[in-house]
Amino acid sequence: MSRSSRRLVTVLAAVTVASTLAACGGSNDNGGGGGSTANEASDTGVTADTIKIGSHYPLTGVAAPGYSTIPLGAQAYFDYVNKNGGVNGRKIDWVYKDDAYNPTNTSQVVNELVLKDEVFAIMGGLGTPTHSAVVDFLNSEGVPDLFVASGSRLWGEDPKKNPDTFGWQTDYESEGKIIGQYIAQKFPNAKVGLFLQDDDFGQDGEKGVRQFIDKQVVSAQRYTPGNTAVGPQIAALKAAGADFVVGFNVPAYTALSQLTALQLGFKPQWFYSNVGSDPTLVGALLNNFSQGKVADASSLEGTITTAYLPTVDHPDDPWVQLFQKVWDASGQTGPMSNYHIYGMSQAYTMVQALQAAGQNPTRKSLMDAVEKAGADWKGPGLAPFRYSADSHMGIGGMSVVQISGTSTKELQPVMTTDLGDAKIQAYDGKESTPPSSGIPDEKAAK
Amino acid sequence: MSEPQSPANARAGDELIEETPFTATAAANAPSAQAAGGRSFLPKSTLLRHLLILVLSAVGAVILLEVTDPFTNSQLASLTYYAIAAGGLTVLTGMNGQISLGHGALMAVGAYTTALFLGVDGEPLPLPVIFLVAVAISTIVGALVGVAAARLHGPYLAGATLALAVGLPGLALYFRDTLGGEQGLRVRAPEPPASFTNFIDLVSGNPASGTKWLAYVGVICLLITFFLLANLVRSRIGRTWRAVRDQEVAAELAGIDLGAWRVLAFVVSAACAGLAGAVLALVVRLAAPSGFTLVLSLALLTAIVIGGLGSLLGALLGSALLVFLPPFVTNLGGDFGLDQTKAAQLAPFVYGVVLIVAMIFAPAGIVGTIRLRWMTARAKRAVAGRAAHGG
C-alpha cells in the first residue's frame, strides 16, 4: 500500500467515524411553534398551523413493487387539502419511512417517527408482520394507530386489547365469506380448489370461504411466501379435479400461479382475492417472470375478484374523477394506479378523522372521533366502516367483479358482513359521491 | 487441507515489522499484554485491565444514555443486539477463520426462545433466566451446526450455514401453532423494576421509560458479552484459535485438534448470537421470520468486515454503522430535496458504496487499518532509532 493510499484510508476511516458520530448526535430541534390564534398546539405533533402524520411502508425490497407507491397517493391528496386551506387551517405534514417489509426495521422507523419526529398519529402502516411489531409500542405510548394497511383481524377485533389501533380495509375473513356465498349461489356444482398463502391471510380467507362451500372444496394448497416454485400446488389442484380455483395470495403469486397453470394446461375459473388481483401490476409481473413471453395480463381475462374501492378502470366514477384531478395536480409523474387510489382514499378518511377530532385535536379526541363518528362517514369505500366502541374493523363489505379486457364489470353488488357468523346482507346504502370541493366536511364529533 | 497462507511480512518490508499480522485480520491481533513500551496507565494483568475498561465503559454508557434523547436511546438499544451478535461472529471469523452466513438464524433461535418464555400464561421467569435459557438453546443449535462446520471450509462452510439461514426461519411457518407463522410471536417486555426507576431518578432525573429500560438491558448484555469475549480471546483459547486460523499444519503439529477447536469457536459464537436474538426480541417486541432473513446474516458479516475482522471494537463500530448510517443518509437525502421514497432508496446504495470503498482502501476494516498504521509507524521509529545508534 502506498503512502498516499494509506492516508486516504485513514481519512476515510475518520470520515466514517465522524459521520457515525454525527448520526449518533441525533437532532432534537423540531420544536413546536405556538401561535395564539384559535388554533393551539393541542397535543404532540399538532401546532397552530401543522399536524404531523407518519407511517411505514416497504419502499425498498421484495414487497416494494406496488406498495411503495401508496404513500405517493396519500401525499398527493394531503397536498391537495393543504393547498385548499388544510384541516381547520392546519397543513398536514406527511412523513413516511422505509421498513423494507422487515419488522426489525419497522420497529426502528416507528421509534423514530414517535420519539424523534413526534408525529401526532400513525396512518396506514403497511403489512401484518411488520405492523405487529409496533402495535404494542403505539398502544403503550398512546399514539393513534389509524387505518392499518392490512386485512388482518388483529387490528380491530378486540379494541380492549389495542384501544388505539384501527383497521381500514375489508378483512380477509369477511372477504372469504362473501366469496364463499357467491360461489355457493352462482357455481353450486363447481369443484373448488383453494390456493392459499400460508399465513393468516390465507387462513382467514379459507375460514370465510369454507363457511359456505366446505363440501365443494376438493383441495386446499398452501404456498410459503418467498418460495417461488408453485408447480406442486397447482398440479395438486389439477389432479384433485378442481375446475374453480380461489386464490388468497399476493400479486406475485397471481402471476406465478397463472404461468404455472399455463405450463400445465390447467384452465379452471380463477377467483383471486382483492389483494392479488391488480391487473396492471400482475401484467407487469407476468411480463417480468416469463421474460416477455407473456406480455400482459390477458390471461386474467374472465377472472373474478372482489372490490372495496373504486378502481382506475372506471374513469366515470365520481371518486376516480376526483382522484384523477388530485393526482394530475400533484405534479407526480406516471399514470394514476389503484395503489395511488388506495393511498388517496386512506388520506381522505384521515382528513375526515382530523376534522371530526375538533378545532384543537388531541390524540384522545381523534380516536374518540373515529370510534363514535367513523361508521357514518361517506367516502370512496364501497361499504361503510364498522367502527364502534366494540369493533375497530374497517370497511365491512365488497362487490364481486370480473376482469374483462383492461376493465372490470360488476357481477354482484356490494354485500356487507362481519367476522364470525355475522350475516351477509346486500348493502342498501346509497353510493356516495365526493363533495364538490373534493374535501370532506365533517363536524366535530360529540 | 488448506494451502499455507503467505506471510504478510513478505510484502510489508520484512525486517522492519517483525509482527505484522495478515492484513485482513489485522484488527484481531491485539497484543496479549500491554506491549513493551510501558507508557500505559492500565494494569498489566489482563483480567484487571478488562475489568477497568468494563467499569469505564459502563459509566460511559450510562452518561451516553442519559444525555441523549429517547429516540437515540432506542437506536442504541438496536446497536446493542447487532453488536452482541457481531462480537460473536468476529470471534468466529476473525479469530478462528470460519465464515458463517447463518448467524441470523441463530439469533432467531434466541429470539423465539425469549418470545415463548415471556409469552407463557401467568408470571414469566425472571429476565436473566430467560436470557440464559435462550443462550443455552442457541448454544446447542450452534454445537450441532459447529460439528458439521468443523469439517467444512471456506465456500462450503458458507454454503452450509447459508442453508441454515434460509431454512431455519421456515420452521416458524411449519410449526405455525407454536411459533406464530409469518406474523410471528409478539413479545411483551417486562416492566422495568422499581430499582431501575430509582437508579435513573438518582442519576439524571429523566423519565424511566420502557425504551430506556430496554436500552439498559441491551447495554448490560453487551458489556458482559464483550468482557467475557475479550478475556477469552486473550487467553490460551484465543491463541489456539488464532493458531488454527493462521497455519493449520503448524497447529496440528503442535498437537491442536483442529475440529474440536473449530466447534468450540462456533459454539461461543452461537451463544452470543442467541443472546443477541433475545435482546432483539425485547427491543423489536416481535419474533417473526421476516426479521431473520439472510439480509440480517449478511448485515452482521458486513459490520465486522467494515469494523475490522477479529476486533470487538470493530464489531461495535460496524454495528453502529448498520444502525446509524441508513437514517442519517435518508435524512440527508431528504434535506437535499429528494422525495421520501428516493431518499429511502438512497440508504442501501450508500451502504453498498461504503462497503466497496472500505474493501478497496481499507481491507483490514476501521480498527485493523488504524492498528496497521500504528504498528508500521512504531516499527519505523524503532528502525530509525537503531540506525541513529549506528545499527
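Two strands count as paired when DSSP finds at least two bridges between them. Keep that in mind for the first stops of this tour, and remember that you are looking at a predicted model.

**Stop 1: the sheet of chain A**

Start by selecting strand β1 of chain A, residues 50-57. Two bridges connect β1(A) to β3(A), and the two strands run parallel. To see one of the bridge partners, pick A:Gly54 and look across to A:Ile122 in β3(A).

Now widen the selection to the whole sheet. Which order do its strands take? Reading across, you pass β2, β1, β3, β4 and β5 of chain A, five strands in an open sheet with parallel pairing. At the edges sit β2 (91-98) and β5 (165-167) of chain A, each paired on one side only. If you look along the sheet, the twist from one strand to the next averages 20 degrees.

Next, add helix α3 of chain A, residues 70-83. This helix packs on the sheet and touches β1, β2 and β3 of chain A. Its direction makes about 170 degrees with that of β2(A).

**Stop 2: confidence along chain A**

Colour chain A by pLDDT. The chain has a mean of 87, with 92% of its residues at 70 or more. Among its elements, strand β3 (121-123) has the highest mean, 95, while helix α1 (3-25) has the lowest, 47. Select residues 1-5 of chain A: pLDDT is below 50 here, and the stretch has four contacts beyond near neighbours in sequence. Residues 15-36 of chain A also stay under 50, and the model gives them 22 contacts beyond four places in sequence. Where pLDDT is low, the predicted coordinates should not be read in detail.

**Stop 3: B:Ser100**

Move to chain B and select B:Ser100, in the loop between α3 (70-96) and α4 (103-118). Is B:Ser100 buried or exposed? Its relative accessibility is 1%, so B:Ser100 counts as buried, the cut-off being under 20%.

Show the side chain of B:Ser100 and find its polar partners. One contact, of 2.9 Å, is with the side chain of B:His103. A polar atom of the B:Ser100 side chain also lies 3.1 Å from the backbone nitrogen of B:Gly102. Farther along the sequence, B:Ser100 touches residues including B:Leu89, B:Thr161, B:Phe266 and B:Leu301.

**Stop 4: helix α16 of chain B**

Finish with residues 365-388 of chain B, helix α16. At 1.5 Å a residue, its 24 residues should span 34 Å, and the end C-alpha atoms are indeed 34 Å apart. Buried residues of α16(B) include B:Gly365, B:Ile366, B:Leu372, B:Met375 and B:Ala379.

Conventions: Residues numbered from 1 in each chain as written. Chains lettered and ligands numbered in written order. Predicted model: local features only at pLDDT ≥ 70, side-chain atom pairs only at ≥ 80, totals over all residues. Heavy atoms only, no water. Helix = DSSP H or I, 4+ residues; strand = E, 2+ residues; numbered from the N terminus. Expected span 1.5 Å × (residues − 1). Buried < 20%, exposed > 50% of the residue type's maximum accessible area, 1.4 Å probe, protein only. Polar contact = N/O pair within 3.5 Å; in protein donor to acceptor, adjacent residues only side chain to side chain. Contact = heavy atoms within 4.5 Å. pLDDT = per-residue confidence, 0-100. Axes fitted to C-alpha atoms, helices over the stretch in contact; angles between N-to-C directions.
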